[in-house]
Amino acid sequence: MSTLIIVDQPPYGTWAGREALDMVFSLAAFDQPAALLFTGAGVNWLRKQQAPDAIGQKSVEKNLSAAPMFGVEEILADTASCERFGLGPEQLVSGVTLAENLQDVMNAHSNVAFAG
Amino acid sequence: MTPLSYTLVITGAPWSSQAPQSALAFARELLVAGHRIDRVFLYGEGVLLASALATPPSDEVNWPKQWAGFLADNAIPATVCIASALRRGIIDDTEQARYELPGNNLLEPFGIAGLGEWVEGNVKSDRVIYFHGSN
C-alpha cells in the first residue's frame, strides 16, 4: 500500500504545502511507502536557490532535500506545470522525476491525498 | 452491503470553509448506513474546529459544539494535529503548561496528538476521506 501526497499550493503564501510535506515525512517515519507529486503552482517548491529571508520564512528547499533521507520514495513533478511556470530541468533541485501522465502516477498508488 | 471503516480528515476551518459542515453531514450518514468511523483527524486550518472559544451569533450554527456533541454521542475518537494546533493557538492544558501560555481552549472530546494517528488511519481504515477548505 503506497500513498501519494499531492502538493498544488505554492511554497510561500500558504502553509498547506508545508503541512503536506509533514504528512509525507510522517508516513515515511512509520515505514509506510510514500511519494510526493508537485503540480500547478506547487512546482515552485522545486525551484533552485529560493531566497525567502526577505519575507521572514525558511526556505522549503531544505525541508525538501531531507525527503530521501526520511525515506520518501519519489519526488515527482508535473511536466506541464513546470513548463507553465518556466521551470526547465536546470532550474529544478536535484532528485526530481518529471511525470508526463498524472493519471498513471495516481493509479500507481493505493491512496492519494492533498494536504488542503 | 459490507460495512466499511472510515477515517475522516478535515483541513478546512469552520466559517472560512464548509469543510466541517460537509464532513459532519457525511459522518452522520455513514453511521445511518451502518459504517464505522475509526477516527476524525483535524489538520491544517481544520484544527480551528476544536476551539472551545468559538462564539458565533446565537442564530448561527456552532460547528465546534455540533461536532463535539456528535463525537461524544457516538464515542468516536477525534484528534487534532499538534503541529497544526500549536501554530494556530489551539492549546490543551498539557501544552499550556509546556509553553507557559495564559490559557487553553481545546474543546472536549478532541485530543491533541501527532500525525501518527493519521498514518494509523491511513493503514487501518478501509477509506480515508478528506474535507478541504478552499485555499
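## Helix packing, interface and core in a predicted two-chain model

In this predicted model, helix H1 (residues 19-32) of chain B packs against helix H2 (residues 63-74) of chain B at an angle of about 20°, and their axes are 10 Å apart. Axes are lines fitted to C-alpha atoms, for helices over the stretch in contact, and angles run from 0 to 180 degrees between N-to-C directions. H1(B) and H2(B) are therefore roughly parallel to each other (angles under 35 degrees count as such). The residues that make this contact are listed below.

| Helix | Residues in the contact |
|---|---|
| H1(B) | Pro20(B), Gln21(B), Leu24(B), Ala27(B), Leu31(B) |
| H2(B) | Trp63(B), Gln66(B), Trp67(B), Phe70(B), Asn74(B) |

Between the chains, 17 residues of chain A are in contact with 16 residues of chain B (C-beta atoms, placed from the backbone, within 7 Å). H1(A) gives the most to the side of chain A that touches chain B, with six residues. Helices (H or I, at least four residues) and strands (E, at least two) are DSSP runs, numbered from the N terminus.

Val24(A), leaving aside neighbours within four places in sequence, is in contact with Ile5(A), Ala34(A), Leu36(A) and Val72(A).

Residues are numbered from 1 along each chain as its sequence is written, while chains are lettered from A and ligands numbered from 1 in the order in which they are written. Because the model is predicted, local features need pLDDT of at least 70 and side-chain atom pairs count only at pLDDT 80 or more, whereas totals for chains, interfaces and linings use all residues.

Conventions:
Contact = placed C-beta atoms within 7 Å. Parallel < 35°, antiparallel > 145°, perpendicular 65-115°, else oblique.
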